[in-house]
Amino acid sequence: MATLHAPFPYFGGKRSIAGDVWARLGEPAQYIEPFCGSAAVLLAKRCPAALEVVCDGSGFIANFWRAVKHQPAAVAGAADYPVSHI
């Protein structure tokens, strides 16, 4: 299974060290991500664990990932509009 990349940059993101994290952890049966953010470490995991939990100080982060998993088309539609020219 191919690994995925975080879809957005995140302050304090762990994308650059995700491979090192999994080299040290191996393939755990359960994985809890205490500081999820962009989910870079979880997305870099080769095979899903039996239980994967994302936690973050912002409840919106977990809700975003839940929405992407269960309603990806709706998330894409909501992200496509309105257009921002900031």
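In the predicted model, residues 24 or more positions apart account for 39% of the contacts that have a separation of 6 or more in the chain. The secondary structure comprises 4 helices and 2 strands, and these elements follow the order α-β-α-β-α-α from the N terminus. The C-alpha trace spans about 40 × 25 × 25 Å along its principal axes.

Of the 86 residues in the chain, 21% count as buried. The exposed surface of the chain amounts to about 6500 Å², and carbon and sulfur atoms supply 63% of this area. With regard to charge, the chain carries 7 positive and 6 negative side chains, and the centres of these two sets lie 3 Å apart.

The largest nonpolar core consists of 6 residues, namely Ala18, Trp22, Tyr31, Val41, Leu42 and Ala44. Two or more residues of this core are contributed by α1 (18–25) and by α2 (40–43). A second core, separate from the largest one, contains 5 residues, among them Cys36, Ala39, Ile61 and Trp65.

Tyr31, a member of the largest core, is located in strand β1. With a relative accessibility of 9%, Tyr31 counts as buried because this value is under 20%. Beyond residues up to four places away in sequence, Tyr31 touches Trp22, Leu25, Val41, Leu42, Ala49, Leu51, Glu52 and Val53. Of these partners, Trp22, Val41 and Leu42 also belong to the largest nonpolar core. In contrast to these contacts, Ala74 lies 27 Å from Tyr31, C-alpha to C-alpha, at a sequence separation of 43 residues.

Strand β1, which covers residues 30–33, also includes Glu33. The relative accessible area of Glu33 is 4%, and this acidic residue is therefore classed as buried, the limit being under 20%. The side chain of Glu33 is joined to that of Tyr31 by a polar contact of 2.3 Å. When residues up to four places away in sequence are left out, Glu33 touches Lys14, Val41, Leu42, Val53, Val54 and Cys55. Val41, Leu42 and Val53 thus appear among the contacts of Glu33 as well as among those of Tyr31. Val41 and Leu42 are in addition members of the largest core.

The loop between β1 and α2 holds Ser38 and Ala39. Ser38 has a relative accessible area of 5% and is buried. Apart from neighbours within four places in sequence, Ser38 is in contact with Ala6, Pro7, Phe8, Tyr10, Leu43 and Trp65. One of these partners, Trp65, is a residue of the second nonpolar core.

Ala39 is likewise part of the second core. Its relative accessibility is 3%, and Ala39 therefore counts as buried. The backbone of Ala39 is notable for a positive phi of about 65 degrees, although the residue is not a glycine. Most residues other than glycine have a negative phi. Ala39 and Ala18 are 21 residues apart along the chain, and their C-alpha atoms are separated by 9.9 Å. Ala18 itself is assigned to the largest core, whereas Ala39 is assigned to the second.

Two glycines were examined alongside these buried positions. Gly12 is found in the segment before α1. The relative accessibility of Gly12 is 55%, and this residue counts as exposed because the value is over 50%. Between Gly12 and Gly37, which are 25 residues apart along the chain, the C-alpha separation is 8.2 Å.

Gly77 is located in helix α4, which covers residues 72–80. At 44% relative accessibility, Gly77 is partly exposed. The C-alpha atoms of Gly77 and Glu33 are 28 Å apart in space, with the two positions 44 residues apart in sequence numbering. Glu33 is the buried residue of strand β1 described above, with a relative accessible area of 4%.

Terms used
Residues numbered from 1 in each chain as written. Predicted model: local features only at pLDDT ≥ 70, side-chain atom pairs only at ≥ 80, totals over all residues. Heavy atoms only, no water. Buried < 20%, exposed > 50% of the residue type's maximum accessible area, 1.4 Å probe, protein only. Contact = heavy atoms within 4.5 Å. Areas by Shrake-Rupley, 256 points an atom, 1.4 Å probe, with all protein chains shown as cover. Lys, Arg positive; Asp, Glu negative; His and termini not counted. Charge placed at Lys NZ, Arg CZ, Asp CG, Glu CD. Core = buried A, V, L, I, M, F, W, Y, C linked by side-chain atoms within 4.5 Å. Polar contact = N/O pair within 3.5 Å; in protein donor to acceptor, adjacent residues only side chain to side chain.
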